[in-house]
Structure formats: structure tokens, C-alpha cells
Amino acid sequence: MNLNKLFGLSRSVSLGRNVFAPRVAQKGDCLHHFQSRRFIRSSARSLTYAKDLFLGKVNKAEVFPFPEISKEELEELNQLVQPVEKFFNEDVDSKKIDHEAVIPPETLNGLKELGLFGIQVPEEYGGLGLSNTMYARVGEITSLDGAIAVTLAAHQAIGLKGILIAGNDSQKAKYLPRLATGEHIAAFCLTEPGSGSDAASIQTRATLTEDGKHFLLNGTKFWISNGGWAGIMTVFARTEVIDKDGQKKDKITAFIVERAFGGVTSGKPEDKLGIRGSNTCEITFEDTKVPIENVIGEVGGGFKVAMNILNNGRFSMGSAGAGMIKRLIELTSEYASTRKQFNRSLSEFGMIQDKFATMALNAFVMESMAYLTAGMMDRPGVPDCSLEAAMVKVFSSEGSWICVSEALQVLGGLGFTKNYPYERYLRDCRILQIFEGTNEILRMYIALTGMQYAGKILTGKIKYMKKGNVGVVFEILGKKLKDSVVRTVDFGLTGKDGVVHPSLTTIVEEQLVLKKVADVLINLYAMTAVLSRTSRSVSIGLRNHDHEVLLTNTFCKDAHFKNNFLLTQLQKSE
Amino acid sequence: MSARVLVGVKRVIDYAVKIRVKPDRTGVVTDGVKHSMNPFCEIAVEEAVKLKEKKLVKEVVAVSCGPQQVQETIRTALAMGADRGIHVEVSGKDYETLGPLQVSKILAALAKKEQADLIILGKQAIDDDCNQTGQMTAALLDWPQGTFASEVNIEADKLKVVREIDGGLETIKINLPAVVTADLRLNTPRYATLPNIMKAKKKKIANVKPADLGVDVSSRLEVLKVDEPPQRQAGVKVETVHDLVGKLKEAGRI
């Protein structure tokens with residue numbers, strides 16, 4: 001690998017070498033994310049790339065080389081992609097779907113027949129059994145219509161994911177086949193009118209019946225995608241659990257609920273700004289009888305299931321955004337090359353070129369991040385890529401919003417009319433920053449999880465130091481010396497013997513600090529992704545690799561500068 | 001019926017791609033350009049699969065001639081419902097000069113080898129627009145042909161074909177075995193659904209070389225140069241018919 005690139009990477013990452021003080025008190029446990037997958041493959045690898053960044057460690061082995069798929073898989077993928085592209089180009093009338101706020105049944109049937117309702121369901125249950133990488137690739141095409149993309153994602157990325165990753169064999173055999181063909185549509189029911197980001201505060205209740213064979217479900221869920229159509233739902237409710245101390249506690253449990261169980265009513269579809277073709281509504285459960293066999297995982301273990309499901313599906317937003325931006329570049333560049341003002345075509349003007357550069361950079365970074373994350377998730381074992389996936393989501397949602405706006409701007413007044421798809425893409429795009437975890441919450445998650453991890457490791461090291469383990473002292477000192485040769489930021493939060501700065505226990509409240517920390521991390525991960533991808537392109541001599549090098553260098557210079565600024569601001573705030 | 005249908009499928013540059021001529025003017029740019037199955041070949045495959053679904057034929061075999069990449073095209077045919085594929089390996093210079101005469105010789109040899117009862121091809125390919133392969137194949141085999149078919153029916157052991165001709169529609173009855181070439185309105189090809197693509201992975205594609213079939217693929221034609229069509233010149237507006245006649249005389253047109 002090119003030495004320059006190695007140097008560039010280490011230079012840019014060294015800016016992230018912060019010495020975070022150990023978090024002694026851990027307030028609020030809404031950030032657990034242990035993977036509770038049942039199926040075991042080969043020996044588990046704990047992928048801690050992003051978390052280790054918090055310690056200033058770059059686990060190059062995790063992210064270099066860029067994940068690859070075999071030649072057969074690539075051919076298969078290209079084959080799979082062709083009919084989907086054709087369908088979306090010829091048989092999907094996005095304008096009509098948006099205008100009438102409904103996806104016509106013929107289109108839905110076409111999607112079902114293409115097999116798009118069971119992309120990740122294993123083949124033995126009637127699905128396509130595609131890997132995360134392939135799912136991301138198909139996501140690039142389905143994102144051409146926002147409403148369809150959300151309907152499909154709500155069905156399989158979250159709706160049936162619970163059964164897929166935490167269900168037992170009989171649940172899988174019972175429900176997955178009909179979900180894979182689209183005979184039943186799935187929905188994910190967590191949010192309530194009073195509990196959005198604060199998911200742990202849900203009030204829907206499930207009480208065990210006298211005979212202990214059923215749970216009675218009561219409560220209201222809100223903002224449920226596919227809520228009006230879903231025949232099978234993953235519902236989260238509070239249940240009374242007796243924990244090991246014999247205390248009665250209220251914990252969340254995940255249930256598979258069929259509309260056929262009775263007592264399920266859906267409200268009318270919400271009239272939304274964007275993704276209008278996607279059905280979003282309120283669902284009320286009134287004494288719905290759910291057999292105890294339909295509990296996903298353990299009673300009381302629902303929160304972890306919910307977090308795993310959500311963490312599992314996030315990465316595909318990167319490829320979906322990239323696919324959409326690439327289409328926008330295609331449409332916009334045609335216009336910019338033909339439209340003339342001041343006797344020159346728009347494409348000759350610098351400010352217009354700047355917009356195309358923004359779009360190209362964003363699409364490139366989003367793609368790289370999404371496929372890097374998907375590739376890591378596809379590795380054997382049970383990799384925990386929740387942090388990386390969250391970073392992909394934040395970057396992609398904000399990047400998409402900016403790029404759609406710029407694309408619309410290129411068309412000027414025309415872009416503002418409904419005759420062109422730009423205003424629809426803009427409206428559809430806005431939701432990306434809100435659902436699947438608001439960007440605010442995800443930034444908190446990124447910053448706090450990383451610090452918690454770093455804190456644990458550092459606390460351990462400091463304990464060693466206190467025990468007089470001299471070797472560790474030298475290691476940490478040595479690192480600090482190395483850091484000071486290259487630029488370093490010392491928060492001044494640790495004293496010589498690891499005394500905790502008083503403000504650290506309340507770091508949870510310092511949201512502005514956390515925001516900046518998260519932004520630094522997201523930039524670092526983005527840089528990693530493009531460096532990894534381009535290094536591979538260069539080393540295998542991919543066509544147009546010189547363009548990739550240009551894109552990577554441009555992005556990294558920019559991100560490096562931004563990180564510098566953020567870190568300086570953080571230092572100043574002391 | 002124990003009939004076996006041979007369907008020829010050609011891998012061509014996708015219809016939506018803007019074609020560019022190579023700087024050395026020996027051909028068009030194909031490197032890195034999106035390719036797909038010739039649209040008329042798709043219609044041919046669809047017709048064959050329909051016949052199989054109606055139980056009028058027993059087996060559909062998809063054939064393509066070319067380098068490794070044509071296997072993708074054969075796989076698409078398999079995903080649409082063909083039972084197995086045959087890949088006739090032709091690459092390099094031979095592939096660049098491969099034309100209807102050689103392909104029809106290959107198809108004729110394969111038809112005899114596979115004991116096919118019916119050959120369905122697209123009426124022409126969208127890259128060379130030759131419209132010759134079907135007709136040549138029929139001649140080499142001494143089989144009847146139903147070209148530009150917009151409707152095909154099997155009645156007893158004869159084929160009823162409705163042909164689209166300049167004057168309208170012509171209906172003919174020909175004996176089997178026969179060659180049919182598909183026109184646009186014959187049918188609407190189905191999507192190769194993702195589940196079918198996965199199933200098609202298990203279907204077999206056999207490899208053969210033209211030499212195995214006793215066919216010489218050397219070409220009798222040499223391409224001298226390839227150019228873009230001339231740029232459209234601006235027109236001239238005239239005031240009266242008199243002026244128009246004058247201009248035409250000036251240009252030597254009348």
C-alpha cells in the first residue's frame with residue numbers, strides 16, 4: 001500500500017488521539033447493545049474499530065483491505081440488480097405514488113414477485129438469503145422511490161428482523177415463509193405518542209393471563225410504517241418480571257403479534273410531507289391475545305432485541321443515499337450541460353461545478369462507508385458494528401439532504417416545480433434525519449458509547465498503574481510523547497494519577513461537547529472508508545482509480561480541517 | 001409433445017446507452033459499457049417459455065456465441081424459464097468479426113446435434129441490425145421459416161405464424177421443424193425475478209467450441225471504418241415556393 005496514504009491516514013487519525021478520562025459513573029442504561037444472536041458461526045470476532053478510535057488506536061486489520069466479494073457473488077449481484085433496475089425505471093410511477101399517497105397494488109405485486117420482500121430471509125424459508133453487502137446494493141436501486149424504499153425497509157430491515165435474528169426455529173418456520181413472499185407485510189411497533197427517542201419509557205402493557213398461556217396486550221403505537229397493511233407485527237410492551245432478587249420489575253418484551261389475534265385497530269394514514277406512498281399510522285391494541293410462544297427472545301429481554309434490530313438495519317441508508325445521489329447527478333448533469341445562460345452552458349460555471357463536486361464527494365463517501373460497514377458485518381462471527389452503522393446513518397442522512405437541495409438549485413425555478421422529481425426527492429429525504437434514531441440521539445450514542453468503552457479500558461489501565469505496574473505507565477507515557485510529536489489534544493481531564501475531572505460524571509449533560517466528539521468520529525470513520533476503498537482500487541488497478549484518488553484526497557483534506565477545528569473548539573471549552 | 005426449442009440470445013450494448021465510436025474508427029466503444037440481452041431475443045425467450053408453459057414443447061435450450069461474458073445473458077434466459085444453456089465459445093478477433101453467416105452455421109449444427117424441433121430467434125440484433133441469422137439458419141437446415149412473427153401457434157404438427165409485413169399482416173402455415181424470428185408485438189417479456197435468478201444458478205450451461213461443431217468462424221467480411229452519422233446541418237427557411245424550387249435547383253437536386 002502506498003506509504004503516503006498510510007502516513008496520511010495516521011496523520012489524520014492522530015488528531016483523534018484524545019485521552020478520555022474514564023467514565024466512573026454510568027448514568028442511564030439506554031445504550032446497551034449486546035448482540036444476542038442465537039446462531040453461532042465460527043469463533044466470534046469483536047470488531048471494535050470505531051470504539052478503538054476513541055483510544056487513539058487504528059485497527060488497520062479491520063478496515064484494510066476494503067471488503068471484497070467473490071467473482072461469482074459479483075456476477076450474481078449484477079444479475080439480480082438488472083431486473084430490479086428495469087422494474088423501477090419502467091414500471092414505477094413515483095409521481096403518481098406521491099400524488100395519491102398510495103402504492104398501487106400492481107406495483108406492490110411486482111415488488112413481491114421480484115422477491116424484494118424477503119431479501120435477507122434465508123433460502124430455506126423462501127427468501128433470497130442475500131448478505132448485507134448485496135442487500136445494500138439492492139438498496140441503491142429501491143431508493144429511487146422513497147415510499148417504496150421505506151415500505152420495503154419497514155417490512156424487512158426492522159419489521160421481520162426480530163424474528164430473523166432473535167426468533168426461535170419454530171417462530172421462523174411459522175412466519176418467515178409468508179413474510180418472504182410478501183403475502184404478509186410486517187411492521188415494527190415500538191414508538192408511542194409519549195415515547196419516541198425515549199424508547200425505554202413505553203407504556204403499552206402485556207399482562208399474563210390466569211392460565212399463563214397468553215399475554216393480553218393493551219396500548220397504542222404511533223408512527224408505524226406499514227401499520228395499515230401489516231398482518232404480522234413485532235410489538236414491544238412492558239411486562240412484569242421477577243428478577244433474581246425476587247423483586248417485581250417492569251421490563252420490555254418483544255412479541256410477534258398477528259392482526260388475526262383480534263383487538264388490533266389501525267388509524268387512518270398520516271398525511272406526510274414526504275414518502276407519502278408509505279403507509280404510516282397509529283395502531284391500537286385492545287386486549288389482544290398473544291400466545292406465550294410468540295415472545296421473541298426472553299420475557300424482559302425486549303429492549304436488547306429492539307436495539308439489535310435497529311442497529312442491524314442502519315447501514316443500508318448509506319447505499320440508499322448514494323444510489324439516489326448518483327441518479328440525481330445523472331439527471332442534473334444532463335440539464336447543466338445543455339442549459340445555456342450568458343452564452344455558456346451552466347456546467348462551465350464554477351458555482352455549479354461546486355455543486356456537482358459536493359454531490360460526487362458525498363455519494364462516494366456514503367457508498368464507501370456503507371459497503372465497508374456491510375462488509376464488516378458480513379464477516380464470520382457476530383460482529384458488533386452498531387457504532388459504525390450509526391455513523392453511516394448520520395452522515396448519509398445529512399449528506400443526502402444537502403445534495404438533493406444542491407441538485408434542485410442547479411435546476412433553479414424548474415427544480416422547484418412538480419414537473420421535475422427534485423422537490424419530491426427533497427421531501428422524501430427529510431425523514432432520513434428523523435427516523436431510525438434521530439441524528440441527535442445517534443450522535444449521543446456514538447460519543448457516549450465510545451467514551452464508555454475507552455473509559456473501561458483506561459480505568460483498567462489506571463488500576464494497573466495504581467498497582468504499580470510500571471510497564472503500563474511507560475506505555476501510556478510513551479503514547480503521550482508520540483502524540484506530542486504529531487499534533488495532540490489533551491483534554492486535561494486526567495491528572496497524573498488518573499484523577500477524574502469533576503465534570504466527567506455529568507458528561508451525559510454536555511450535549512454540545514458530545515456533538516463535536518461524535519462529528520470528529522464520523523469524519524474519521526468516513527476518511528477510513530474512502531482511504532480503504534481507494535487503496536484497494538489503486539492496488540488492483542481499477543479503471544478510474546485516479547478519479548477515486550482525487551475524491552478521497554479532497555474529502556480527507558476537508559474532513560481533516562473540520563476535525564482540527566472541532567478539536568480546537570473542544571479544547572477551548574475547557 | 002417431445003419438442004425441443006432452441007433459442008438464440010445475443011449479448012449487445014444496452015439500448016439505453018449512448019453509443020460512441022472508438023477513436024481509431026474500427027468500431028464502437030464496448031469496454032465498461034453496459035450490456036444486456038438483445039430486446040428481440042428477450043421476446044424470443046419469452047415465447048419459448050410460454051410454449052413450454054402451455055405444454056406444447058418439452059425443453060427450452062438457450063444458446064449464445066461469444067466470450068465468457070455471454071454467460072450472463074444465458075443466465076438471464078435461464079432465469080426467465082429456459083431449462084439449460086449452451087455457450088459457444090468465441091473470443092478475441094473471431095468474436096469481433098462474428099456475423100450472421102457464422103452464427104447461423106453454428107445454430108444449424110447445434111439444431112442437428114440437439115435434435116431441436118423449433119428454433120426461435122429475435123428478428124434482428126440492435127447492434128448490427130442485420131436481420132439475416134434466422135433466414136440463413138433456415139436455409140442451411142432446409143427448414144421453413146416464419147419471420148417477423150407477431151403471433152405463433154402450434155396446430156397439430158404444423159406452425160401457424162402471423163407475420164408483420166409492410167402491407168399489413170400475413171398468416172402462413174409451415175411444417176415443423178421450422179425457424180421463427182420474433183418481432184416486437186409477439187409478447188411482453190417477463191422480468192427475471194430474483195427468486196428465479198437464484199433458481200437458475202442450478203441450471204446447467206454446457207461449453208462448446210465452434211470447431212467441435214465443425215464450423216469455421218472466419219469472416220468473409222472486413223470492416224473498413226466506422227463513423228458517426230454526419231451531424232445534422234441547419235436548415236434554410238425560404239419565403240415562397242419559387243425560392244424553394246430555386247434552392248433545390250442550386251443544390252442540384254432537381
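Contact here means heavy atoms within 4.5 Å. I will use that throughout.

What you see is a predicted model, in which local features need pLDDT of at least 70, side-chain atom pairs count only at pLDDT 80 or more, and totals for chains, interfaces and linings use all residues. Residues are numbered from 1 along each chain as its sequence is written, chains are lettered from A and ligands numbered from 1 in the order in which they are written, and side-chain values use heavy atoms, with hydrogens and water left out.

Chain A to begin with. Among its contacts between residues at least 6 apart in sequence, 77% join residues at least 24 apart. Its secondary structure comes to 20 helices and 10 strands; helices (H or I, at least four residues) and strands (E, at least two) are DSSP runs, numbered from the N terminus. Of its 574 residues, 53% count as buried, where buried means under 20% relative accessible area, exposed over 50%, and partly exposed in between, with a 1.4 Å probe and protein chains only.

One residue to look at is Phe285(A), in strand 7 (residues 280–291) of chain A. Why is Phe285(A) called buried? Because its relative accessible area is 2%. Neighbours within four places in sequence aside, Phe285(A) is in contact with nine residues, Leu217(A), Asn218(A), Gly219(A), Lys221(A), Met233(A), Val235(A), Val257(A), Gly263(A) and Val264(A). Gly262(A) lies 23 residues from Phe285(A) in sequence, and their C-alpha atoms are 8.5 Å apart.

Now the cavities. On a 1 Å grid over the protein atoms alone, a cavity is a set of points where a 1.4 Å probe fits but cannot get out, and lining residues have an atom within 4 Å of a point. Grid points are joined across faces, edges and corners, and a volume is the space filled by probe spheres set on the points. The count is 2 cavities of 30 Å³ or more, and the largest holds about 40 Å³. Its lining includes Ser94(A), Asp145(A), Arg276(A) and Asp428(A). Helix 5 (94–100) and helix 16 (422–430) of chain A each give two or more residues to that lining, with the largest share, 3 residues, coming from helix 5.

On to chain B. It has 7 helices and 11 strands, and buried residues make up 44% of its 254 residues. Its C-alpha trace spans about 70 × 45 × 40 Å along the principal axes. For contacts between residues at least 6 apart in sequence, 70% join residues at least 24 apart.

Helix 1 of chain B covers residues 39–53. The expected span of a helix is 1.5 Å times one less than its number of residues, so the 15 residues here should span 21 Å, and the end C-alpha atoms are 21 Å apart, which agrees. In this helix 11 of the 15 residues are buried. Just after helix 1, Lys55(B) takes a positive phi of about 65°.

Glu42(B) is found in helix 1 and counts as buried because its relative accessibility is 17%. Beyond its neighbours within four places in sequence, Glu42(B) is in contact with Met37(B), Met80(B), Pro189(B) and, from the other chain, Lys86(A).

That brings us to the interface. How many residues does the contact take from each chain? It takes 17 from chain B and 19 from chain A. The area buried between the chains is about 1700 Å², of which carbon and sulfur atoms give 58%; buried area is the accessible area (1.4 Å probe) that two parts lose on being put together, summed over both. In chain B, Tyr191(B), Leu194(B) and Met198(B) lose the most area to chain A, together 43% of what that side buries.

Methods. 1 Å grid on protein atoms, 1.4 Å probe; cavity = no way out; pocket = protein on both sides within 12 Å on 5 of 7 lines; lining within 4 Å.
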